[in-house]
Amino acid sequence: MTATPDVIVLFSGGLDSILAAKLLEDQGLKVRCLHCVSPFFGDEAALPRWRRLHNLDIVSLDVSEDFAALLRRRPVHGFGKVMNPCVDCKILLLRHARLYMEAVGARLLASGEVLGQRPMSQRRDTLHVIPRDAGVAGLLLRPLCARLLAPTPAEESGLVDRSRLLSISGRGRGEQLALAGRFALKEIPTPGGGCRLTERENARRYWPVLTRRADAGPSLAEDFALANLGRQFWRQEDGRDYWCSVGRNNTDNKRLAAAAGPEDALLSLTGLPGPLGLARRGATWPRPLLEEAAALTASYAPKAVAAGGLTALRASWKNGGLELAVPPHRAGTLWAEPSWEEVRAEIREEARLRREIPPGSASGA
């Protein structure tokens with residue numbers, strides 16, 4: 001690890017962030033890459049491999065709680081086509097990067113943004129809004145498109161040679177691929193944002209967490225992480241929302257077991273192989289609802305279904321548990337995951353209401 005870096009580069013693991021780091025290293029600057037992780041993006045486990053592949057100094061930073069809070073209060077600049085708050089996301093990451101930069105004594109921030117590459121966060125106007133709102137105006141350099149933007153103090157002072165920066169724009173990758181060849185990159189990442197919030201199938205998982213578990217407090221980030229695991233089912237009864245996750249494979253089962261909180265009920269088959277279910281706060285559920293979730297869990301165990309009759313399961317939590325015997329079925333169940341069409345309609349309706357009732361107004365307080 002570089003003792004005292006000159007520049008902190010926001011590092012996604014994608015080609016543009018790799019090239020931004022390499023361009024600045026090529027000017028003799030000491031570069032440290034900052035890889036932010038949350039339930040929606042980032043891969044901390046990939047850091048050792050990236051360090052070997054690209055010969056870069058890379059550290060990770062968990063921004064899960066702040067990102068969950070951003071979604072809870074809703075993004076100021078709105079969602080993209082799905083649930084992606086791209087502008088607010090970049091503002092949040094840059095705020096964290098500035099704090100990290102100041103903590104380690106670096107002098108500059110950089111990112112791999114390219115003018116016009118992404119329709120929401122990389123237009124010319126948003127490239128100005130983001131550093132302003134993040135409080136990094138004058139500190140942020142975008143090496144791949146710097147010569148299409150106004151010079152930064154780092155360029156004017158001579159810390160960075162502007163003539164050796166680039167003027168890439170648009171969505172093509174030709175110039176980046178040529179630059180990758182120049183730097184002899186051993187592996188070129190495939191294009192893609194890498195953010196789960198841009199995908200409709202994931203929005204179906206996250207939107208119920210956001211709207212039905214908004215009072216989850218600090219555990220909201222953990223709820224979003226749980227939404228990434230297994231099959232997701234929701235049910236409403238007497239004005240209360242109930243949430244059950246069912247593993248699809250052994251890896252899911254292990255992760256569900258690790259994700260269980262003290263009031264979460266783990267649903268496991270007794271004497272038969274099968275999935276693990278996790279009933280969020282299941283220790284507080286009425287028994288009939290717990291039995292429904294157990295039946296749903298058992299329905300994904302082929303041997304339980306083939307055996308017919310009742311399946312024995314154990315519902316266990318930190319300070320207790322129950323023995324259950326239920327038929328393994330899901331036909332006609334009230335448990336479901338919302339469709340993308342339902343989620344999209346809810347997102348649009350909420351956005352419409354927010355436009356009609358501005359935050360902080362007397363009627364919207």
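Two strands are said to pair if DSSP finds at least two bridges between them. The exercises below apply this to a predicted model, and then turn to its helices.

**Exercise 1.** Determine how many bridges join strand β10 to β11, and find which residue of β11 is the bridge partner of Arg314.

*Solution.* Start with strand β10, which covers residues 311-317 and is joined to β11 by seven bridges. Since at least two bridges are required for pairing, the two strands count as a pair, and they run antiparallel. Looking then at a single position, one finds that Arg314 has Glu323 in β11 as its bridge partner.

**Exercise 2.** Work out the strand order of the open six-stranded sheet, name its edge strands, and state which helix packs on the sheet.

*Solution.* Reading across the open sheet, the six strands follow the order β6-β7-β9-β8-β10-β11, and their pairing is antiparallel. The edges are formed by β6 (231-237) and β11 (320-326), each of which pairs on one side only. On average, and with direction ignored, neighbouring strands of this sheet are turned by 20 degrees against each other. The helix that packs on the sheet is α9 (residues 220-227), which touches β6, β7 (240-246) and β9 (277-279), while its direction makes about 45 degrees with that of β7.

**Exercise 3.** Classify the packing of helix α8 against α9 by angle, and describe the residues that meet.

*Solution.* Helix α8 (residues 200-212) packs with α9 at an angle of about 155 degrees, and their axes are 9 Å apart. Because angles over 145 degrees count as roughly antiparallel, α8 is roughly antiparallel to α9. The crossing of these two helices is right-handed. On the α8 side the contact involves Arg205, Tyr206, Val209 and Leu210, which meet Leu220, Asp223, Phe224 and Ala227 of α9. Sorted by class, the residues of this contact are six nonpolar, no polar and two charged.

**Exercise 4.** Carry out the corresponding analysis for helices α4 and α5.

*Solution.* The axes of α4 (residues 86-104) and α5 (residues 124-134) come within 8 Å and cross at roughly 40 degrees, and the two helices are therefore oblique to each other. Their crossing is right-handed. Val87, Lys90, Ile91, Leu94 and Arg95 of α4 meet Thr126, Ile130, Asp133 and Ala134 of α5, and this contact has five nonpolar, one polar and three charged residues.

**Exercise 5.** Decide whether Glu155 is buried or exposed.

*Solution.* Glu155 lies in helix α6 (residues 153-157). Because its relative accessibility is 9% and buried means under 20%, Glu155 counts as buried. Leaving aside residues up to four places away in sequence, Glu155 touches Leu141, Ala146, Ala150, Val160, Arg162 and Leu165.

How values were computed: Residues are numbered from 1 along each chain as its sequence is written. This is a predicted model: local features need pLDDT of at least 70, side-chain atom pairs count only at pLDDT 80 or more; totals for chains, interfaces and linings use all residues. Side-chain values use heavy atoms; hydrogens and water are left out. Helices (H or I, at least four residues) and strands (E, at least two) are DSSP runs, numbered from the N terminus. Axes are lines fitted to C-alpha atoms, for helices over the stretch in contact, and angles run from 0 to 180 degrees between N-to-C directions. Contact means heavy atoms within 4.5 Å. Buried means under 20% relative accessible area, exposed over 50%, partly exposed in between (1.4 Å probe, protein chains only). Angles under 35 degrees count as roughly parallel, over 145 as roughly antiparallel, 65 to 115 as roughly perpendicular and the rest as oblique. A crossing is left-handed if the near helix is turned anticlockwise from the far one by less than a right angle, and right-handed if clockwise. Ala, Val, Leu, Ile, Met, Phe, Trp, Tyr, Cys and Pro count as nonpolar, Asp, Glu, Lys and Arg as charged, and the others, Gly among them, as polar.
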